[in-house]
Amino acid sequence: MSLILTEKRGHIAILTLNRPESMNALGAAGDGDQVAAACAEINADQNIRAVVLTGAGRAFSAGGDVKAMKAREGAFGGSGVNIREGYRNNIHRIVRSVYGLEVPSIAAVNGAAIGLGCDVACMTDIRIAADTAKFGVTFLKLGLIPGDGGAWLLPRTIGMSRASELLFTGDVIDAETAEKWGLVSKVVPADQVLDAAIAMAEKIAQQPPHSLRLGKALLKHGQSTSYDTLMEMSAAAQAISHLTDDHMEGVEALLEKRPAVFKGR
């Protein structure tokens with residue numbers, strides 16, 4: 001069964017982790033390739049302006065496949081060198097690909113997001129949680145560390161103190177706490193989480209697509225680059241935006257007091 005399903009609705013794409021029988025556990029051979037291919041297709045499709053990522057069944061993702069860890073299979077088998085390469089070429093491809101989406105991404109966290117699953121959710125730009133969702137960074141309970149980049153991103157998402165608390169205690173928090181900590185933007189009833197994420201994606205998709213991608217790139221680079229470098233990047237991106245038809249459409253729509261219709265030109 002394919003790990004990831006892709007559905008396109010107009011200007012948005014819906015990616016679904018499709019391994020419900022294992023709560024969308026990750027780490028089987030080829031998982032990274034599948035996610036990378038799906039994300040690359042979206043990046044190449046200039047018609048797509050936003051992405052929703054969710055999970056099939058009752059979980060978003062329970063994280064790394066513990067049964068595979070027990071059997072030392074897939075990304076978790078072989079020598080130390082083999083395991084290192086399993087992370088770099090498989091698990092890291094999952095998180096790098098989600099993080100590397102060029103259009104705004106929204107996680108519709110429909111259930112448990114644990115370990116690698118939590119970190120995958122954090123690789124999206126916006127997270128909307130079902131009121132039944134749970135979040136945990138439980139690597140230490142398995143005698144492991146965040147091997148997927150979560151130690152870099154989680155403090156940038158919720159701050160060092162909260163990130164440290166989650167990692168060091170292994171506690172699993174509920175959706176209400178996740179919202180309070182800034183891990184998610186909003187909490188909605190479980191049967192509405194996908195619809196809420198799609199509605200937000202459709203709202204985002206009304207924006208000019210070229211400037212939308214440039215704006216996301218600036219936000220991401222702004223987390224790690226210097227102020228002066230980001231200012232130069234901003235000037236260059238703005239120059240590109242000024243020369244688009246969509247910029248003129250936005251100006252004319254504002255002056256004419258009507259909604260703008262952006263066409264990606």
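In these views, a residue is called buried when its relative accessible area is under 20%, exposed when this area is over 50%, and partly exposed in between. The model shown is predicted.

**View 1. Salt bridge between Glu85 and Arg84.** Glu85 pairs with Arg84 in a salt bridge whose closest N and O atoms are 3.4 Å apart. With a relative accessible area of 28%, Glu85 falls between the two limits and is therefore partly exposed. Arg84, by contrast, has a relative accessible area of 52% and is therefore classed as exposed. In general, side chains of opposite charge can pair when their charged atoms come close.

**View 2. Salt bridge between Arg9 and Glu7.** The closest N and O atoms of Arg9 and Glu7 are 2.8 Å apart, and the two residues form a salt bridge. Arg9 is partly exposed, at 40% relative accessibility. Glu7 is partly exposed as well, its relative accessible area being 36%. The structure has a count of twelve salt bridges, by the rule that a side-chain nitrogen of Lys or Arg lies within 4 Å of a carboxyl oxygen of Asp or Glu.

**View 3. Salt bridge within helix H6, and a charged network.** Helix H6 comprises residues 160-169 and contains both Arg162 and Glu165. These two residues form a salt bridge, with 3.7 Å between the closest N and O atoms. Because Arg162 and Glu165 are three residues apart in this helix, about one helical turn separates them. Arg162 is partly exposed at 31% relative accessibility, and Glu165 is partly exposed with a relative accessible area of 33%. In addition, Lys8, Glu41 and Asp45 are joined into one network by salt bridges that share partners.

**View 4. Aromatic pair of Phe76 and Tyr87.** Two aromatic pairs are present in the structure. In the pair formed by Phe76 and Tyr87, the ring centres are 6.1 Å apart and the planes stand at 65°, so the arrangement is edge-to-face. Phe76 belongs to the loop between helix H2 (66-71) and helix H3 (80-99), whereas Tyr87 is in helix H3; the pair therefore ties together parts that are eleven residues apart in sequence. Phe76 is buried, with a relative accessible area of 8%.

**View 5. Aromatic pair of Tyr99 and Trp152, with the charge of Lys220.** The ring centres of Tyr99 and Trp152 are 5.9 Å apart and the ring planes are at 85°, so this pair is also edge-to-face. Tyr99 is part of helix H3 and Trp152 of helix H5, so the pair links parts that are 53 residues apart in sequence. Trp152 is partly exposed, at 36% relative accessibility. The ring of Tyr99 also has the charged end of Lys220 over it, 4.1 Å from the ring centre.

**View 6. Positive phi values at Met23 and Asn24.** Met23 is not a glycine, yet its phi is positive, at about 55°. This residue is located in the loop between strand E2 (12-17) and helix H1 (31-44). The phi of Asn24 is likewise positive, near 55°, in a residue other than glycine, and Asn24 is found in the loop between E2 and H1. The two residues fall into separate accessibility classes: Met23 is partly exposed, with a relative accessible area of 22%, while Asn24 is buried, with a relative accessible area of 0%.

**View 7. Surroundings of the buried residue Thr124.** Thr124 lies in the loop between helix H4 (116-122) and strand E7 (126-130). The relative accessible area of Thr124 is 4%, and the residue is buried. Leaving aside residues up to four places away in sequence, Thr124 touches Leu53, Val98, Ser105, Ile106 and Ala107.

**View 8. Nonpolar surface patch around Leu144.** Val66, Leu142 and Leu144 make a nonpolar patch on the surface, with an area of about 230 Å². Leu144 is situated in the loop between strand E8 (134-136) and helix H5 (150-158). Leu144 has a relative accessible area of 31%, and the residue is partly exposed. Because patch residues must have over 30% relative accessible area, Leu144, at 31%, meets this cut-off.

Technical notes. Residues are numbered from 1 along each chain as its sequence is written. This is a predicted model: local features need pLDDT of at least 70, side-chain atom pairs count only at pLDDT 80 or more; totals for chains, interfaces and linings use all residues. Side-chain values use heavy atoms; hydrogens and water are left out. Patches are made of residues with over 30% relative accessible area and no salt bridge: like charges are joined within 9 Å, nonpolar side chains (Val, Leu, Ile, Met, Phe, Trp, Tyr) within 5 Å. Accessible areas come from the Shrake-Rupley method with a 1.4 Å probe; for residues, only the protein chains shown count as cover. Helices (H or I, at least four residues) and strands (E, at least two) are DSSP runs, numbered from the N terminus. Buried means under 20% relative accessible area, exposed over 50%, partly exposed in between (1.4 Å probe, protein chains only). Rings of Phe, Tyr and Trp (its six-membered ring) pair if their centres lie within 6.5 Å; planes under 30 degrees apart count as stacked, over 60 as edge-to-face and the rest as tilted. A charge sits over a ring if NZ of Lys or CZ of Arg is within 6 Å of the ring centre and within 35 degrees of the ring normal. Contact means heavy atoms within 4.5 Å.
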